[in-house]
Amino acid sequence: MTDQTKSPERDLGTGTRLVAAGRRPEWTGQVVNPPVWRASTHLYENMAALAEGPRRNEDGRFFYGRRGAPTQWALADALTAMEPGAAGTVLYPSGVAAIAGVLLTLLRPGDVLLMTDNAYDPSRAMGRGLLADMGIETRYFDPLDLPVYEAAFCERTRAVLLEAPGSLTMDMCDVPALARIARNHGAMSVLDNTWAGPTDFAALHLGIDVVLMALTKHVGGHSDLMMGSASAGAELYQRLRERAQNLGQVVSPDDAALALRGLRTLSLRLERETASALQIAQWLAEQSQVGRVLCPMLPGAPGYDLWKRDFTGGCGLFSFVLRGGTAARRNRFIDALSLFGIGYSWGGFESLATPVDPASLRSVMAWPPAGMAPEDRYGVRLSIGLEDPEDLIADIAQALQAMESP
Ligand SMILES: Cc1ncc(COP(=O)(O)O)c(C=O)c1O
């Protein structure tokens with residue numbers, strides 16, 4: 001996270017920029033944080049000002065609560081400041097809303113969307129539902145197979161949706177190469193960068209056209225808010241903003257204030273989570289009951305070289321598969337954990353565990369993948385939080401033992 005060389009726009013360190021981002025004096029006044037502006041109505045001085053309100057649709061100008069107030073503007077401004085190459089950031093009420101907002105901006109009836117096969121399942125559901133209903137076709141590709149991916153482009157391909165690493169199976173792809181190929185074919189690339197975030201993967205700088213995040217995860221960081229964001233260069237940002245306004249997208253000022261609070265400690269939390277995750281992943285790799293650890297940050301694991309080349313850090317989210325056994329045995333393992341919550345989401349201060357069964361969520365990537373024993377198909381995804389890693393390892397060790405006694 002301290003490596004400044006991968007983003008030439010970074011003069012100040014990540015922590016310093018996280019502290020300063022979005023804290024414009026005109027929004028904070030005499031206090032450190034922008035106050036929570038709860039507002040639907042903005043009052044105008046007079047009739048002339050009222051008439052001017054809707055005409056001047058600019059960032060940072062009052063109009064009506066749906067276009068936000070300083071609390072939401074400060075968050076958007078902070079995220080833009082953290083994203084090298086971004087001209088602006090649009091906020092959405094969830095990560096899924098951000099994915100939908102971006103795709104509904106870029107795609108028209110008749111277009112083809114190429115979606116990475118290991119996309120977050122609700123992104124795939126969007127392809128089958130919302131996009132299909134609009135006459136937009138979604139085709140899936142294996143992000144690790146560049147020649148087949150390149151051959152998939154046609155004159156109707158308008159956009160590509162990527163994730164790095166992919167959901168559940170944590171496959172790391174070559175984002176700059178995938179983005180370059182998309183651009184060469186006249187298509188726009190979108191990256192769901194929730195895993196690394198702007199502090200650890202400079203998506204726009206590395207060739208992506210629109211970068212989005214579920215702020216629900218690391219930026220919020222405390223499992224108490226839902227929000228999403230999309231950042232882009234000037235032209236695409238204006239299009240995203242206009243479409244979000246058409247769709248009536250707005251986030252609450254209270255949630256924006258919580259997300260800003262989370263943002264200030266983002267790099268600290270990510271550093272701690274990453275170090276703990278690595279320690280736990282390393283330990284898991286040595287256990288006889290573990291078939292494979294799916295963590296691109298782990299030296300020697302699949303995707304490690306790409307992660308090392310393009311990322312300056314990571315986070316606490318990774319998966320592993322058990323050696324042999326049944327789904328019931330894997331479920332016994334998860335049930336036996338006492339320091340890990342069982343629940344969806346990730347990136348909070350607390351550790352979570354969920355089952356990984358991707359076979360029914362893939363169209364072109366095999367599960368288990370080549371080189372992995374077919375019986376090693378039952379996986380677990382861990383979101384490592386801020387607990388002491390030694391305690392988490394002890395908890396996993398007792399759960400591995402407990403799973404063997406039905
Ligand atoms: C990779 C990824 N993107 C997007 C989302 C969606 O975020 P939200 O739950 O805020 O809609 C998630 C949620 O788990 C996710 O894992």
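Colleague: Which backbone does an oxygen atom of the ligand approach at 2.9 Å?
Modeller: This is a predicted model. The partner is a polar backbone atom, 2.9 Å from the ligand oxygen. That falls within the 3.5 Å cut-off for a polar contact. The residue is valine 96.

Colleague: How far is the polar side-chain atom of aspartate 192 from a nitrogen atom of the ligand?
Modeller: Asp192 is listed among the closest residues to the ligand. Its polar side-chain atom faces a ligand nitrogen at 2.6 Å.

Colleague: Which residue has a polar side-chain atom 2.5 Å from an oxygen atom of the ligand?
Modeller: The contact uses a side chain and a ligand oxygen. The residue is threonine 216.

Colleague: How much of the ligand's accessible area does the protein cover?
Modeller: On its own, the ligand has 390 Å² of accessible area. The space it takes is the largest pocket. The covered share is 92%.

Colleague: Which helix gives the most residues to the shell around the ligand?
Modeller: The shell holds 14 residues. By class, 6 are nonpolar, 5 polar and 3 charged. The top contributing helix spans residues 95-106 and gives 3 residues. That is helix H5.

Colleague: What is the angle between the planes of tryptophan 37 and phenylalanine 62?
Modeller: The model has 10 aromatic pairs. In this one, the ring centres are 5.5 Å apart and the pair is tilted. Tryptophan 37 sits in the loop between H2 and H3, and phenylalanine 62 in the loop between H3 and H4, 25 residues apart. The plane angle is 35°.

Technical notes. Residues numbered from 1 in each chain as written. Predicted model: local features only at pLDDT ≥ 70, side-chain atom pairs only at ≥ 80, totals over all residues. Heavy atoms only, no water. Near = heavy atom within 4 Å. Polar contact = N/O pair within 3.5 Å; in protein donor to acceptor, adjacent residues only side chain to side chain. Areas by Shrake-Rupley, 256 points an atom, 1.4 Å probe, with all protein chains shown as cover. 1 Å grid on protein atoms, 1.4 Å probe; cavity = no way out; pocket = protein on both sides within 12 Å on 5 of 7 lines; lining within 4 Å. Sits in = over half its atoms within 2 Å of the grid points. Helix = DSSP H or I, 4+ residues; strand = E, 2+ residues; numbered from the N terminus. Nonpolar A, V, L, I, M, F, W, Y, C, P; charged D, E, K, R; others polar. Phe/Tyr/Trp six-rings, centres within 6.5 Å; stacked < 30°, edge-to-face > 60°.
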